[in-house]
Every structure is written in structure tokens, then in C-alpha cells.
Amino acid sequence: MRKLLVRLGLITAVLAMVGGCAAQEDSNKAGGEFTFVSPGGQTRIFYPADQRGKISSLSGDDLLTPGKQLGIQDFPGQVVVLNIWGSWCGPCRSEADDLQAVQDKLGPQGVQVLGIDVRDSQSAAADFHRDRGLTYPSIFDPAGRTLLSLRQFPRSTVPATIVLDRQHRVAAIFLTEMLESELLPEVQKIASEPA
């Protein structure tokens, strides 16, 4: 009898996990709040318009202006390219110029790059930003708390780039360093979608 109860308990736990995954996927399909679902080894994930979950708020301290809050709400109706980075991260140093190029080329089309600096010191991050001549803003978030808005997103993944459409729904996620030649056409596609 005891073995039967243990087996029933395991079956119930497995069904709950499977049901939980389905509920997360359904919330994205229904246009609810975004919930990250593990991509099964994929590093580039694209969401069709009818399967995009919304990010209703994501904000934190402005890296270069202490005391000022900065977030996606500052860019209504714009495609927002979130980039999670740290000055200590080699691939982040490499892709910073590529992100700046995306900002320069697509900014006039209503695209805004917004960095999220994690696990960093403010002075090192600010120096990184200035030394590279970056004009797009960044949120200073050493603890990675802003990423809680991206429910279940792995906060240890750096660099990562998340593209939000004009309604601030997650359209694409890149869990790897991105070059301008790779990122620019993807962001252009999302920027050209009807509002």
C-alpha cells in the first residue's frame, strides 16, 4: 500500500509539472505576462505575434544618473532591445559596439537599446559605458532584480539580448553574444511589424 501511495504521489507531481509548463506556454499565447520557458538547448528563440507575452514593467536605477529611474515605460510604442551585460564579461565587451550600431541605425525607426548591467560595480560599469562611447542608456542592477519582470528568466545568463515589440511583448531572445550582422535584421523585422 505504501509503494502505491508513493507511486501515486510521483505521478501527481509529474502531471503538475507538465501542467505547469502548459500553463506557462498558454499565458504567452494568450498575450498574458511573459514567462520564460527553458528552450531545450536553443540559444535563439523567436515568438510569433500571437504567442508573445507582455512585460508590463521593468525598471531600475539609471547607470549614469544615480537616483534617476529608467525603464521600458520610458519608451512607449518603441521596439526595446534589452541587453544584459557586465563590464567583467568578455563577450559583452565584444558586442557593445554592435549594439551601439543597432541603436544608431534603427533609433530613427523607433528602436531603443536598453542595457541592464548586472553583477558589477557602478564605477567599472560607468567607465565601460563612457570608454566605448555608448549613447544608449543602461539600468544599473548588480543583483539582477529587474530580471524578475522576465519571469523565470535565468539571471546567470550573460550576455543575453531580449527584443520587445512595440507593445513590449517578448518577440525574440538571444542567449549568446550577438553581432550587428545577426541582430540588425531581426530587430528590423520586428520594427517593421504593424503597430
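**A mixed sheet, a kinked helix and a salt-bridge network**

Strand 7 and strand 8 form a hairpin, with five residues between the two strands. His 168 sits in the turn and has a positive phi of about 60 degrees. The model is predicted. The two strands of the hairpin pair in the antiparallel sense over four bridges. Leu 164 has Val 170 of strand 8 as its bridge partner. Strand 8 is mostly covered, with five of its five residues buried.

The hairpin belongs to an open sheet of eight strands. The strand order is 1-8-7-4-5-6-2-3, and the pairing is mixed. Strand 1 and strand 3 (69–71) stand at the edges with a single partner strand each, so one side of each has no neighbour in the sheet. On average, neighbouring strands are turned by 30 degrees against each other, direction ignored. At one edge, strand 1 runs antiparallel to strand 8, and three bridges join the two. Here Ile 45 stands opposite Ile 173 of strand 8. Elsewhere in the sheet, strand 4 (residues 79–85) and strand 5 (residues 111–117) pair in the parallel sense. Seven bridges link strand 4 and strand 5. One pairing sets Trp 85 against Asp 117 of strand 5.

Helix 2 (residues 90–106) packs on the sheet. The helix touches strand 4, strand 5 and strand 7. Its direction makes about 155 degrees with that of strand 5. Helix 2 has 17 residues and reaches 25 Å from its first C-alpha to its last. That span is close to the 24 Å expected at 1.5 Å a residue. The helix nevertheless contains a kink of about 35 degrees, centred on Ala 96. Ala 96 is itself one of the buried residues of helix 2. The buried set also includes Cys 92, Glu 95, Asp 98, Leu 99 and Gln 100. Further along, Ala 101, Val 102, Gln 103 and Leu 106 are buried as well. The buried residues of helix 2 pack against strand 4, strand 5 and strand 7. They also pack against helix 3 (122–131) and helix 4 (180–191).

The loop between strand 4 and helix 2 holds Ser 87. Ser 87 has a relative accessibility of 14% and therefore counts as buried. Neighbours within four places in sequence aside, Ser 87 is in contact with Arg 93, Asp 117 and Asp 120, and with Ala 124, Ala 125 and Phe 128. Asp 117 is thus found in two roles: contact of Ser 87 and bridge partner of Trp 85.

A second loop residue is Tyr 47, placed between strand 1 and strand 2. Tyr 47 counts as buried, at 13% relative accessibility. Tyr 47 and Ala 171 are 124 residues apart in sequence, yet their C-alpha atoms are 5.0 Å apart in space. Residues up to four places away in sequence are not counted among the contacts of Tyr 47. On that basis, Tyr 47 touches Phe 34, Phe 36 and Arg 52. It also touches Val 170, Ala 171, Ala 172 and Ile 173.

The structure holds eight salt bridges. Arg 52 forms one of them with Asp 165, the closest N and O atoms being 3.0 Å apart. Arg 52 lies in the loop between strand 1 (44–46) and strand 2 (59–62), and Asp 165 in the loop between strand 7 (160–164) and strand 8 (170–174), so the pair ties together parts that are 113 residues apart in sequence. Both Arg 52 and Asp 165 are buried.

Asp 165 forms a further salt bridge with Arg 169, the closest N and O atoms being 2.8 Å apart. The relative accessible area of Asp 165 is 2%. Arg 169 is also buried, at 16% relative accessibility. Through shared partners, salt bridges join Arg 52, Asp 165, Arg 169 and Glu 193 into one network.

Another salt bridge links Lys 68 to Asp 62. Its closest N and O atoms are 3.9 Å apart, and the cut-off is 4 Å, so the pair still counts. Lys 68 is partly exposed, with a relative accessible area of 43%. Asp 62, by contrast, counts as buried at 7% relative accessibility.

Notes:
Residues are numbered from 1 along each chain as its sequence is written. This is a predicted model: local features need pLDDT of at least 70, side-chain atom pairs count only at pLDDT 80 or more; totals for chains, interfaces and linings use all residues. Side-chain values use heavy atoms; hydrogens and water are left out. A salt bridge is a side-chain nitrogen of Lys or Arg within 4 Å of a carboxyl oxygen of Asp or Glu. Buried means under 20% relative accessible area, exposed over 50%, partly exposed in between (1.4 Å probe, protein chains only). Two strands pair if DSSP finds at least two bridges between them. Axes are lines fitted to C-alpha atoms, for helices over the stretch in contact, and angles run from 0 to 180 degrees between N-to-C directions. Contact means heavy atoms within 4.5 Å. The expected span of a helix is 1.5 Å times one less than its number of residues. The bend at a residue is the angle between axes fitted to the seven residues ending there and the seven starting there.
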